[in-house]
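Subject: Structure handover and notes

Dear colleague,

I am passing on to you the structure we talked about, and I would be glad if you could read the notes below it with the coordinates open beside you.

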Amino acid sequence: MSESAFSRQPSIRLLPDPLVSQIAAGEVVERPASVLKELLENALDAGATSIHAQIEEGGVRLIRVTDNGCGIVRDELALALTRHATSKIASLGDLERVATLGFRGEALASAASVARLTLTSRAALDGGHAWRLRAESGASPEPAALEKGTIVEIRDLYYNTPARRKFLKSGATEFAHCAEAFRRIALAHPGVAFALSNNGRENTRLPATDFSGRAGAVLGEEFLASARAVDTGSSAETAAPLRVFGYCAPSAHARARGDLQYCYVNGRFVRDRLLGHALREAYRDMLHGGRYPAYCLFLEIDPAAVDVNVHPSKTEVRFREARAVHQFVFHAVQRALSASRNALETRPSPGNIPPSIPAWSHPVAHQKRLDLNSQRATRAYYDFARTAYSQSAAQSGAPGAASEEGAENGETAPPLGYALAQLHGVYILAQNARGLVIVDMHAAHERIVYEKLKSAIDARQANRQTLLIPAVFSVTPTEAAIVEEHAETLCAFGFDVGLAGASRIIVRAVPEILRTADPEELVRDVLDELNEHGVSGAVTARRNAFLSRMACHGAVRAHRQLTLPEMNALLRQMETTERADQCNHGRPTWTELPIGEFDKLFLRGR
Ligand code: ADP
Ligand code: MG
């Protein structure tokens with residue numbers, strides 16, 4: 001917020017009816033963290049340079065935000081608590097180019113309707129002293145002591161809506177959400193000093209600094225050290241109506257979780273699909289499957305070119321020139337990333353393969369062909385082959401007993417044939433009756449592990465593997481809270497995980513099927529999934545997504561050298577696993593190149 005906007009004491013007015021109806025209606029008091037976000041934004045809109053947030057019992061008992069902003073005059077205290085009363089916009093024109101974080105005039109009114117709210121404020125205009133208004137009392141403001149600014153105090157959240165209160169998580173989890181809301185806001189306002197305390201103890205103190213100082217303090221020096229700086233320059237320098245700046249970490253520093261993805265539009269934290277897509281595109285081909293890039297990026301754009309009034313919590317936006325914004329962000333980030341990429345990678349990528357190589361063996365072209373034309377045919381063939389194989393297996397004994405001499409003689413080989421070699425640590429090459437079989441070993445194994453996990457859990461036989469040496473590692477307060485909250489689920493899935501002090505957890509056992517996984521990575525990922533989606537036994541789709549994510553950890557990693565017997569074992573498992581021709585994410589796990597294709601390639605008549 002520019003200072004000039006506050007050179008005059010803003011006055012609060014009721015919005016005219018037509019404007020009210022144009023403001024998307026909705027809830028801003030979903031949980032304590034959403035209330036805290038609104039209070040912090042109000043303090044920033046008031047031009048505060050120092051803001052202190054105090055939380056007790058996850059915010060249910062108390063959320064208090066103290067600021068040194070412009071304050072509210074005595075006669076407008078009641079108006080501040082009235083729905084659709086705001087000092088920030090007065091007309092539709094203002095709404096179209098809103099520069100403050102708030103403008104809906106709802107937050108305080110909504111909070112006052114579900115909690116005991118007290119507003120204490122001292123505006124420069126009021127001279128002598130501060131005034132306090134207790135929302136429920138119905139009485140007029142009483143004199144109070146306060147140097148400058150405003151204190152908003154919210155006690156006993158949802159005291160009058162017990163059903164609502166039941167949906168809240170433990171105090172630790174709600175506090176973790178509050179702390180995240182606090183971080184998001186603090187990151188975007190480095191010039192403002194912030195403090196956060198929890199149950200009377202200081203949790204975070206952030207002195208006023210510059211952008212990189214704040215990014216280091218909030219996101220960690222490690223992130224800052226690894227990240228590439230992005231800056232397209234200010235609009236004045238480039239004549240472009242927008243600017244992107246911030247940091248993005250190269251792919252080597254990608255994370256198992258999407259927890260370090262901060263994206264802002266005009267200082268407002270957003271979860272925008274368009275920007276998310278532009279970023280994914282910029283990182284494309286650089287990330288290993290299932291990894292999340294880490295970034296903190298700020299987009300500055302003419303407020304008139306973006307609609308922030310799409311969603312009550314304003315985390316979604318709509319750009320007038322969506323395509324242009326997408327391209328701009330994509331190029332800015334890709335440029336920043338490729339600076340490090342060229343230095344690190346010398347191996348040729350698929351894009352470097354000369355075009356003279358026949359289309360089918362060009363990975364990208366071939367993939368397209370497979371997607372468009374041959375997926376159905378592949379599946380039909382596979383179904384047929386599997387039936388044929390299970391018949392011959394029934395005749396010749398157990399599948400594992402099949403002779404590997406068959407590699408010499410593709411005619412009698414099982415559907416996926418016998419392994420010949422491993423290609424670039426990623427693909428298994430095998431020979432079957434029709435030609436060459438190519439298997440993406442990680443994708444295929446992931447599916448096998450996933451199906452095994454599913455049937456083990458359906459049969460309530462999620463056996464545990466006790467770790468010889470328990471894994472102990474430090475976790476965030478959110479992660480610690482999830483361990484407590486989901487103890488039963490974790491146990492049902494075959495984990496033995498507990499807290500070891502306030503900020504460390506100990507993993508004593510993991511599901512037997514995942515015994516080869518890195519226990520720390522596995523458990524972190526599982527906690528992340530639980531945090532994002534929870535897991536409900538009733539919702540099979542959710543549970544399966546959860547197991548699918550776990551399966552990735554049990555699957556053989558690319559670049560692991562496999563022996564021929566290991567490769568053959570994988571092929572045989574694929575043949576007996578349901579849906580083995582697609583990985584958990586729907587990509588094909590194998591394909592086949594008939595010998596005829598090779599003949600054509602070498603102009604060989606048969
Ligand atoms: P909005 O922020 O959308 O205007 P709110 O319900 O959050 O609506 O706040 C209503 C009004 O109360 C604001 O427009 C502002 O004038 C005043 N206000 C709220 N919090 C503060 C604060 N911390 N300092 C100064 N004024 C405030
Ligand atoms: Mg507000």
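The notes that follow cover the ligand, one of the cavities, and then a number of individual residues.

Please bear in mind throughout that this is a predicted model, and that the values below are computed from it.

**The ligand**

Ligand 1 is surrounded by 20 residues, and the closest of them are N42, T86, S87, K88 and G105. Three pairs of atoms are worth inspecting here. In one of them, an oxygen atom of ligand 1 lies 2.6 Å from an N or O atom in the side chain of S87, so that S87, one of the closest residues, also takes part through its side chain. The other two pairs involve the backbone: an oxygen atom of ligand 1 is 2.9 Å from a polar backbone atom of L108, and an oxygen atom of ligand 1 is 3.2 Å from a polar backbone atom of A107. As for how far the ligand is enclosed, the protein covers 96% of the 530 Å² of accessible area that ligand 1 has on its own. Helix 2 (32-45), strand 4 (85-86) and helix 5 (107-114) are the elements that give two or more residues to this shell. By class, the shell around ligand 1 is made up of nine nonpolar, seven polar and four charged residues.

**A cavity in the protein**

The structure holds four cavities of 30 Å³ or more, and I describe here the second largest, which has a volume of about 40 Å³. Its lining consists of V244, C263, Y264, L275, L297, F298, L299 and V329. Strand 13 (261-265) and strand 15 (295-301) are the elements that give two or more residues to this lining, and the largest share, three residues, comes from strand 15. In terms of class, the lining of the second largest cavity has eight nonpolar residues, with no polar and no charged ones.

**Helix 7 and the loop before it**

Two residues of helix 7 (171-188) deserve a closer look, and the first to mention is E180, which has its place in that helix. With a relative accessibility of 18%, E180 counts as buried, because the cut-off for that class is under 20%. The side chain of E180 makes a polar contact of 2.9 Å with the side chain of Y262. E180 is also 9.6 Å from K37, C-alpha to C-alpha, although 143 residues separate the two in sequence.

H177 is likewise placed in helix 7, and at 24% relative accessibility H177 counts as partly exposed. The C-alpha atoms of H177 and A33 are 5.6 Å apart in space, while the two residues are 144 apart in sequence.

Just outside the helix, S170 is found in the loop between helix 6 (162-166) and helix 7, and S170 is partly exposed, with a relative accessible area of 29%. Its C-alpha atom is separated by 9.0 Å from that of I482, a residue 312 positions away along the chain.

**Backbone angles**

Most residues other than glycine have a negative phi, and for that reason I list two that do not follow this pattern. Y158 has a positive phi of about 65 degrees although it is not a glycine; Y158 sits in the loop between strand 8 (149-155) and helix 6 and, at 0% relative accessibility, counts as buried. N266, also not a glycine, has a positive phi of about 45 degrees. N266 lies in the loop between strand 13 and strand 14 (268-269) and is partly exposed, with a relative accessible area of 32%.

A positive phi, near 100 degrees, is found as well at G220, which follows helix 8. The buried residues of helix 8 (residues 211-219) are F211, R214, A215, G216, V218 and L219.

**One further pair**

Finally, A443 is found in helix 14 (residues 441-458) and counts as buried, at 7% relative accessibility. The C-alpha atoms of A443 and A555 are separated by 7.9 Å, with the two positions 112 residues apart along the chain.

With best regards

Key:
Residues numbered from 1 in each chain as written. Chains lettered and ligands numbered in written order. Predicted model: local features only at pLDDT ≥ 70, side-chain atom pairs only at ≥ 80, totals over all residues. Heavy atoms only, no water. 1 Å grid on protein atoms, 1.4 Å probe; cavity = no way out; pocket = protein on both sides within 12 Å on 5 of 7 lines; lining within 4 Å. Points joined across faces, edges and corners; volume = space filled by probe spheres on them. Helix = DSSP H or I, 4+ residues; strand = E, 2+ residues; numbered from the N terminus. Nonpolar A, V, L, I, M, F, W, Y, C, P; charged D, E, K, R; others polar. Near = heavy atom within 4 Å. Polar contact = N/O pair within 3.5 Å; in protein donor to acceptor, adjacent residues only side chain to side chain. Areas by Shrake-Rupley, 256 points an atom, 1.4 Å probe, with all protein chains shown as cover. Buried < 20%, exposed > 50% of the residue type's maximum accessible area, 1.4 Å probe, protein only.
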